[in-house]
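Dear colleague,

Please find below the structure that I am handing over to you, followed by an account of what was found in it. I should be grateful if you would read the two side by side.

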Amino acid sequence: MLYEIIKDSTIAEPKISAIVPVYNVISYIDETINSLLNQTLKDIEIILVDDGSSDGSFEKIISYGEKYDNICVAKEPNAGPGMARNNGLSIAKGKYISFVDSDDILPERALEIMYEAAEREQVGIVTGISVSFNNSRSWFIGGHFKKGVFKRGRKTLLQNPEMLYTLGPCNKLYRRDVVQDIRFPDSIKVAEDHPFVIEAYLKSNNIYTVDEIIYNYRAREDVGDISLSQIVTADPYASFKDIVASIKLSDVLFKQYVTNPVALQKIRIDYYDRIIATDIWPAYKGILLNGNAETQTKMFDAFRDLLDSMDFHLFNNLGVFQRLLTFETINRYTFIKEKARSSYLRALRLAYEKLDPGSFNKLLSSDFPKEVRAGEKAAKRNSVKPIYNRLVTRKLGSTISAGFEKIILANWRKLVGVSRNFYARRIAFPFYKLAKKQRKIVFLTNKHDVLSDSFKAVYDELILQKPDYQVVGYLKQPQRTISELLKMYKDIATAEYVFLDDYYRQIYGLKLRKDSEVIQLWHAAGAFKKFGFSSIGYADSNTESFERDAHQNYTKVVVSSSEIVPFYAEAFGVDEKNVLPLGVPRTDRFFNEDYKAYIKTVFEGKYPALKNKKIITYAPTFRGGPGERQQFIMNLNIRRLAEQLGDEYALILKMHPSVVRGVGIPFDLQEFAFNMSGEDINDVLINTDILITDYSSVVFDFSIMEKPVLFYAYDLESYLGERNFYYNFEEFVPGPVVRTNEEVISTIKANDFDLNKVRAFKERFFDDLDGKSAERIVKELIK
C-alpha cells in the first residue's frame, strides 16, 4: 500500500520508534500524543500514520509534526490499522518498536521501563501489565491475571502458552530486527494483530515480562463511537469472518516455526482454545441471537469447515468448541432461523463423528446431559426432531412418550419395583445379550473421566488401524440416569471387545457374552505388590468371592513381560496362555524423544525455580484400607533435605491418586519443594533425575529411562503384613533400600546408585522396548 511521508522526524538513531495508526480520533489523539511526548525515556521517534481520517485528525497530527522534531507524520488511503502499522514499520529507524493505538495512553515511565528491561535481559520482546479505563474508572484486565500473563520473568511461547492471552500488539516493546520483516495482514480488520504477535513470539523465542503497568487501554463509552476492539458486539458476523481468517494465518505460522510435533500439537490446542473462548464465542452469540438466516448459515458452514480442517486430536482437546457446537447451541436452538438449521445439523453431525469417548463423557458431565444426548440422536438420525423433542419435553416439564421403550423408561420403577441398577443389570442386561454381537469396542473405567494412560494410547491406535469399529467409552461419572445405564449395559452386552484398566464394579457378578473378548489392560506395569487372588489372606485384601466376581469375565490380560505372566494368571484366575506380554501402552511415551523434549520444555516454563537443579521426586504408594490411605503421613523430612541438598537439588512430591488430601509444604521451603500430585506421573518422571519411592509400581516405568532410584522403606515389616510381594523386596529392587531420612540424604550425596542394576531390571520386566505397545495390542487382539 502506498503511503506518503508528510513530515519526517529528525532523530537519526532513536532508541524506540512508537508507531500510532490514526483514524477519526479527534477526541482522543491529544491525550495519546502527549502521553508519548511526556515519556521519561528520551530519543523516542513518534510515527503518526493517518489512515484516511475525515474528522480533522490528520490536520491535528500535522500541527504536532510541525511543532516537534521527533514526530514523523505519514498519510495513506483508508486501509485499516494493520496497514498503517505496516507503513510505520517501513519508516521506523529505532532499535526497538512500540505500537500505540490512537485513543490509548502510556504511563510516563512505560517506554523507559521496557527499554531498560530489553537492554538488561537481551530479549526480543518485553511485555508488561495493561489496564483498561473509561471516563470514570480503570481496572485490571481479569483474563490476563487469571491466566498469569503478567507474571514477571523470562518466557517463551512454547513454555508459557498463557502468552496467547495477550495477542494485542500495543502493550509490548519489540526489538526491530525481530519484527522488521513481519507484517500485519491487510485483508482483515479484527484479530489482524494475532498473526503478527504470534510470529514475533515464535521468531524471538525470548520474552521478558515486567511487573509494572506500561499501557492503558481506553474503553469507549459512546455507542456511536466504538473502537475496533469493540466491533465484535457491533458487527458480529464481520468479526467472525475476520477471526476465522486470522486463525488460518496463525495456524500456518505454528507449523512453520514449531518443529517438535508434540509441541506443535499442544500449542495449537492452546491457541484454538483461547481463540474460540475469547474471540469466536462472543461473535457466535451475537450472530445466533441477532443474525439473519444468511449470516447464520454462513457461520455454521464456517464452523463445519473449521472443524473439518482440525485433526482428530485437536478437536478432542477443545472442550469449549465441543460445548459450543452441542448443548450451547441446542439451548439456543429456537434462535436459529429455519433456513440455517440444516447447516447447523451438518456441523453437529461432524462434531459427534469426531468426539472421542472421553470428550463425550465430559459433555455428559455438564449441566445439560439430556441436550447432549438429543444432539447425539439428531446427528445419528440426520434429523433435528430429537432436538425439538428435548426442547418440548423441557418446556412441558414431563417426558413425552413415543413408543413402548419410552413408556418403560418413564415408568420403570413403578413397573418393576426395584432399584435402577438391579433393573439394568438383572433384567435388561440378559435381554440385551440375546441381540446380535456388533462391531463395537467398549472402554470401561472408574479411574478417569477422560481417556488417559493406556486407554488413550490404545484408542488412538484403534482410530488408525480399525476405523470400521464403533468405539464407545463409559468413564468415571458420579451418577448415571436409568436411560444412560441401559445404554451402557446394552453396549457391554453387544460389544465384540471390552477393555478394562482396573477393577470395574459395574460388571461384578455379571456373565458377559461368551463370544466377546474382555481385555484387562492393568494400570500398573511389572509385578510388585500382590493383588487380586494372590493377596487373599493379607490385611489389605478382598474376599475370594469378591475377586471371583471382579475377574470372571477376562478372556485376555495384557502385561509387560513373559516373566510376570504366572503372577497375573494367578492374580486374575485366568489361564497363562491368555496372559499376553504385549507391553504397557502408557509407557510408550518414554520412547518418544519429541514428547520428552516437549515435556521438559513445559516444566522449565511452568516451574522456573527448577531450572539448573537436579530433580528428586518422592512418589510413595498409599498405606492401609480406603479410609487410611486418603491422608498420607509424610515421613520424609522436607526441611532436612532442603538444608542438606537444597543448593544442588529440588524436590517434587507426587502422591498416589488414592491420597486425596494434599501434603503441605512450609512457605519458606516453596522454592525447594513442589507438590505436583496433580501433574501426570509420567510427565513428572520424565523430568526426574532421582526417584525416591517405596513399594510403588512406578519403579517399573521409571526404569525405562535408566535413572537412579532409591527405596525409602521405613515401614517394610508392617507393609509385608498388609500386602506382601511377589519377590523378596530387598533382593528384588534395583536401588538402595534405606530406613531413615539421614540414609536418604547420605545415599544421594554419595551418588550410591548402580545403573547397571536398573538396566537389568528394565530388561527383565519389559520384553519389548520399542514404544509400540499400543500398536501391538490393537494388531494382535482386534482381529
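In what order do the six strands of the open sheet lie, and is the pairing parallel or antiparallel? The order is β12-β11-β13-β14-β15-β16, and the pairing is parallel. At the edges are β12 (470-474) and β16 (579-581), each of which pairs on one side only. From one strand to the next the twist averages 20 degrees. Please bear in mind throughout that this is a predicted model.

Within this sheet, β13 (residues 497-500) and β14 (residues 517-521) run parallel and are joined by four bridges. One residue of β14, valine 518, is the bridge partner of valine 498. Helix α21 (residues 482-494) packs on the sheet, where it touches β11 (440-444), β12 and β13. The direction of α21 makes about 125 degrees with that of β11.

Helix α21 also belongs to the surroundings of a second helix, α15 (residues 357-364), whose buried residues pack against it. The other partners of those buried residues are α13 (319-330), α14 (341-354), α16 (369-381), α20 (453-465) and strand β12. Seven of the eight residues of α15 are buried, so this helix is largely enclosed by the rest of the structure. The buried residues are Pro357, Gly358, Ser359, Phe360, Asn361, Leu363 and Leu364. At the N-terminal end, α15 is capped by aspartate 356, a side-chain oxygen of which lies 3.0 Å from the backbone nitrogen of glycine 358.

A strand that is likewise enclosed is β6 (residues 125-133): nine of its nine residues are buried, so it is largely surrounded by the rest of the structure. Its pairings are as follows.

- With β10 (residues 207-218), β6 runs parallel, and eight bridges join the two; valine 126 stands opposite tyrosine 208.
- With β9, β6 pairs in the antiparallel sense over three bridges; the partner of threonine 127 is lysine 172.
- With β7 (residues 138-140), β6 runs antiparallel, again over three bridges; serine 132 stands opposite tryptophan 139. A hairpin of four residues joins β6 to β7.

The loop between β8 (153-155) and β9 (172-175) contains glutamine 159. Is this residue buried or exposed? Its relative accessibility is 17%, and because the cut-off for a buried residue is under 20%, glutamine 159 counts as buried. Setting aside residues up to four places away in sequence, glutamine 159 touches Thr601, Val602, Glu604, Gly605 and Lys606. With threonine 601 there is also a polar approach: a polar atom of the glutamine 159 side chain lies 3.3 Å from the backbone oxygen of threonine 601.

Finally, the nonpolar cores. In soluble globular proteins, nonpolar side chains tend to be buried together. The largest nonpolar core here has 211 residues, and those with the most contacts inside it are Phe240, Ile280, Phe303, Phe321 and Tyr568. Helix α10 (residues 261-290) gives the most to this core, with 15 residues. Isoleucine 280, leaving aside neighbours within four places in sequence, is in contact with Phe240, Ile243, Ile247, Ile275, Phe303, Leu306 and Leu324. Apart from the largest core lies another, of 27 residues, including Ile616, Phe622, Val744 and Ile745.

With kind regards

How values were computed. Residues numbered from 1 in each chain as written. Predicted model: local features only at pLDDT ≥ 70, side-chain atom pairs only at ≥ 80, totals over all residues. Heavy atoms only, no water. Pairing = 2+ DSSP bridges. Axes fitted to C-alpha atoms, helices over the stretch in contact; angles between N-to-C directions. Contact = heavy atoms within 4.5 Å. Buried < 20%, exposed > 50% of the residue type's maximum accessible area, 1.4 Å probe, protein only. Polar contact = N/O pair within 3.5 Å; in protein donor to acceptor, adjacent residues only side chain to side chain. Core = buried A, V, L, I, M, F, W, Y, C linked by side-chain atoms within 4.5 Å.
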